[in-house]
Structures are given as structure tokens and as C-alpha cells.
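Here's a walk through the side-chain packing of this model, from aromatic rings to charges. Have the viewer open and follow along.

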Amino acid sequence: MLIGMQYALPTNPRITYSPFPKPKPIKYGLSITTTITCCTTTPNTTTTTTFPSPPSQPTFTIPKKRKRYRKQYPGESTGITEEMRFVAMKLRNPNSPPPPPSNADAAADTWQPSKEGFLKYLVDSRLVFRTLDRIVDESSHVAYAYFRRTGLERTDALDRDLEWFAEQGIGIPEPSAPGIDYANYLEELAETSAPSFMCHFYNIYFAHVTGGRVIGKQVCERLLEGKELEFYRWEGDVQEMMRDVREKLNMIGEHWSRDEKNRCLREAAKSFKFSGKIVRLIILL
């Protein structure tokens with residue numbers, strides 16, 4: 001028995017013993033050279049295998065979306081007051097009395113103001129301006145604080161004018177429906193939407209400084225023997241005051257969204273409607 005005997009493989013310089021090499025990943029389009037070594041008496045054998053490249057895949061180009069820019073509203077590049085001006089040009093109020101014609105005979109046929117109607121107009125106007133003053137003075141809204149003590153306020157001036165009428169023995173009537181309705185609407189609007197309220201604030205003062213003075217001057221010449229009321233006088237340059245209000249409103253409008261600006265612009269028609277009813281009191285008996 002061959003117990004405890006150790007055997008060893010015979011050594012032969014012509015025979016090479018080595019493990020098979022670890023396979024390598026196949027790379028397409030490349031020539032792979034491998035060496036196969038095994039327990040043989042033949043020399044090392046080298047083989048070269050070339051794998052074909054995979055078929056090319058079609059390429060797709062995704063077109064980029066064109067960036068669309070929103071068309072600006074008329075006057076938007078200048079400011080919200082310029083947008084309001086464009087809207088006002090389209091909303092000329094047909095219910096407002098036309099400016100008094102220069103021909104006196106024609107005026108007698110088309111435009112007949114009355115002292116009673118003019119007094120009602122002043123009373124209702126005082127109510128509206130007093131409401132504006134109270135809102136901007138007492139409200140905690142930041143936007144309203146910019147429009148305090150602008151120099152355009154008319155409440156005190158109207159108080160002096162109505163006091164003068166009372167001194168002439170003319171009874172001062174109570175505010176009528178047009179003024180009461182507008183004042184109530186302004187109070188409700190100021191609580192819900194500052195941009196909407198500012199549309200009325202600006203239009204009321206702008207209309208009075210421009211067309212209101214023209215009508216008032218003609219009425220005073222016809223009914224009050226040319227007396228100039230305090231309602232139509234300001235301490236300082238009224239155009240400069242309006243310019244300052246316009247700049248402040250444009251500055252605040254820059255912080256409004258497009259939806260808030262649109263709400264402001266939509267109020268222009270209501271502003272003209274309410275103001276037109278008050279102005280028409282001049283020619284109503």
C-alpha cells in the first residue's frame with residue numbers, strides 16, 4: 001500500500017500551468033485579443049476576435065418652445081395712471097352735461113343751470129370729498145397713507161362755500177341720493193380693494209381739476225354774478241399737486257399684479273357713472 005507517500009506533478013519546462021484568465025466585458029466595435037493558456041505541450045495560442053458595432057439608433061431633436069411675451073396694455077409702460085387715461089378716453093360719459101357753449105343764445109337752449117341744482121351739486125360733492133378724506137386719513141392701509149394732505153382736499157373749501165350761501169339766506173339742503181350712493185360705495189370699496197378705490201380717488205380729483213373747474217366757472221358767472229367759489233381755488237400750483245399724486249399712484253401701481261391693475265381699470269366706468277349723476281344735479285330743478 002502506498003500510504004503516506006506524497007505525489008507531485010512532474011515538472012517539465014515545456015509545459016506551463018496557469019489558471020484561465022478572467023473574462024473581460026465585450027466592447028462593440030473593438031478588436032479583442034485573448035491569450036488561451038492551458039496544460040498542453042503546445043506553445044501559447046493567441047486569437048483575435050472582432051465584434052461588429054451595434055446598428056446606429058435614429059436621433060430625435062426636440063424643438064424648443066418659443067417664449068411668448070404678453071402684449072402690453074395701452075399706457076402700461078408709463079404707469080397705471082396712463083392706463084387709466086386710455087380707458088377714460090373710451091368711456092366718455094354721455095350723461096354728463098356738455099361744457100357751456102360760448103354762444104349765449106345757444107346756451108339758453110341747451111344748458112340751463114339752476115341755483116337750486118348747483119347747491120345740491122355742492123352738497124353732494126362735499127359728502128363725496130369728505131368721504132375720500134376720511135378714508136385716506138383713518139385707514140390703516142399702507143397705500144392710502146401716501147395720499148394724505150396732498151393739497152387737493154376740497155372738504156374745507158366746500159364748507160366755506162356753503163356757509164356763504166347760508167349767509168345769503170339760502171337754505172342748505174341735505175345730501176341727495178347720487179351723493180349718498182357714491183359715498184357708501186367708496187366706503188365699501190376701500191375695505192375690499194385698494195386698487196379699485198384708488199381709481200375713484202384719482203378720477204374724482206382729476207375730473208374736478210380739469211373739467212369741473214370749467215363748468216364751475218361758467219355756472220358762477222351765470223348764477224352768482226361771477227363770484228369765484230373756494231371750491232375752485234387751491235393754495236399753490238394745482239397742476240403740480242396732481243403731478244405729485246400721479247407719480248405716487250404710478251409708484252404704488254408697480255407693486256400691483258396684472259389682475260389688480262385690471263380691477264382698478266374696470267372701476268373707471270363706475271366712477272364716471274357716479275360722478276355724472278352728481279354733475280347732472282346742476283341742471284335739474
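A quick definition to start: a residue is called buried under 20% relative accessible area, exposed over 50%, and partly exposed in between, using a 1.4 Å probe and protein chains only. This is a predicted model, where local features need pLDDT of at least 70, side-chain atom pairs count only at pLDDT 80 or more, and totals for chains, interfaces and linings use all residues. Residues are numbered from 1 along each chain as its sequence is written, and side-chain values use heavy atoms, with hydrogens and water left out.

**Aromatic rings**

Two rings of Phe, Tyr or Trp (for Trp, the six-membered ring) make a pair if their centres lie within 6.5 Å; planes under 30 degrees apart are stacked, over 60 edge-to-face, and the rest tilted. That rule gives 13 aromatic pairs. Take phenylalanine 129 and phenylalanine 231: their ring centres are 5.8 Å apart with planes at 80 degrees, so this pair is edge-to-face. Phenylalanine 129 lies in helix H3 (residues 115–138), while phenylalanine 231 is in the loop between helix H7 (194–223) and helix H8 (238–253), so the pair ties together parts 102 residues apart in sequence. Helices here are DSSP runs (H or I, at least four residues), numbered from the N terminus. Phenylalanine 129 is buried at 4% relative accessibility, and phenylalanine 231 is buried at 0%.

Next come tyrosine 144 and phenylalanine 197, with ring centres 5.0 Å apart and planes at 65 degrees, so they are edge-to-face too. Tyrosine 144 belongs to helix H4 (residues 142–145) and phenylalanine 197 to helix H7, so this contact joins parts 53 residues apart in sequence. Both tyrosine 144 and phenylalanine 197 are buried. Zoom out and you'll see a cluster held together by ring pairs; its members include Phe118, Phe129, Tyr144, Phe197 and Phe231.

Some rings also have a charge over them, meaning NZ of Lys or CZ of Arg is within 6 Å of the ring centre and within 35 degrees of the ring normal. Arginine 85 does this to phenylalanine 86, at 5.0 Å from the ring centre. Lysine 227 sits over the face of tryptophan 164, at 4.7 Å from the ring centre.

**The nonpolar core**

A nonpolar core is a set of buried Ala, Val, Leu, Ile, Met, Phe, Trp, Tyr and Cys residues joined through side-chain atoms within 4.5 Å. Which residues touch the most other members of the largest core? They are Phe118, Tyr121 and Phe197, out of 59 residues. Several helices supply at least two residues each, among them H1 (80–90), H5 (155–167), H6 (177–192) and H9 (258–279). H7 gives the most to this core, with 12 residues.

For contacts (heavy atoms within 4.5 Å), phenylalanine 118 is a good place to look. Not counting residues up to four places away in sequence, phenylalanine 118 touches Val219, Cys220, Leu223, Leu224, Leu229, Tyr232, Leu281 and Ile282. One of these partners, cysteine 220, is buried with a relative accessible area of 4%.

Leucine 127, in helix H3, is partly exposed at 24% relative accessible area. Leaving aside neighbours within four places in sequence, leucine 127 is in contact with Pro175, Gly179, Ile180 and Ala183.

**Cysteines**

A disulfide is a pair of cysteine sulfur atoms within 2.5 Å. How many does a search of the whole structure find? Zero. The sulfur of cysteine 264 has its closest cysteine sulfur in cysteine 199, 4.5 Å away, too far for a bond. Cysteine 264 is buried, with a relative accessible area of 1%.

**Salt bridges**

The structure holds 11 salt bridges, each a side-chain nitrogen of Lys or Arg within 4 Å of a carboxyl oxygen of Asp or Glu. Here are some of them:

| Pair | Closest N to O |
|---|---|
| Aspartate 159 and arginine 126 | 3.0 Å |
| Arginine 243 and glutamate 240 | 2.4 Å |
| Lysine 248 and aspartate 244 | 3.4 Å |

Aspartate 159 lies in helix H5 and arginine 126 in helix H3, so their salt bridge ties together parts 33 residues apart in sequence. Aspartate 159 is partly exposed at 26% relative accessibility. A salt-bridge network links Arg126, Arg130 and Asp159.

Arginine 243 and glutamate 240 are both in helix H8, three residues apart, about one turn of the helix. Arginine 243 is partly exposed at 35%, as is glutamate 240 at 42%. Lysine 248 and aspartate 244 also lie in helix H8, four residues apart, about one turn of the helix.
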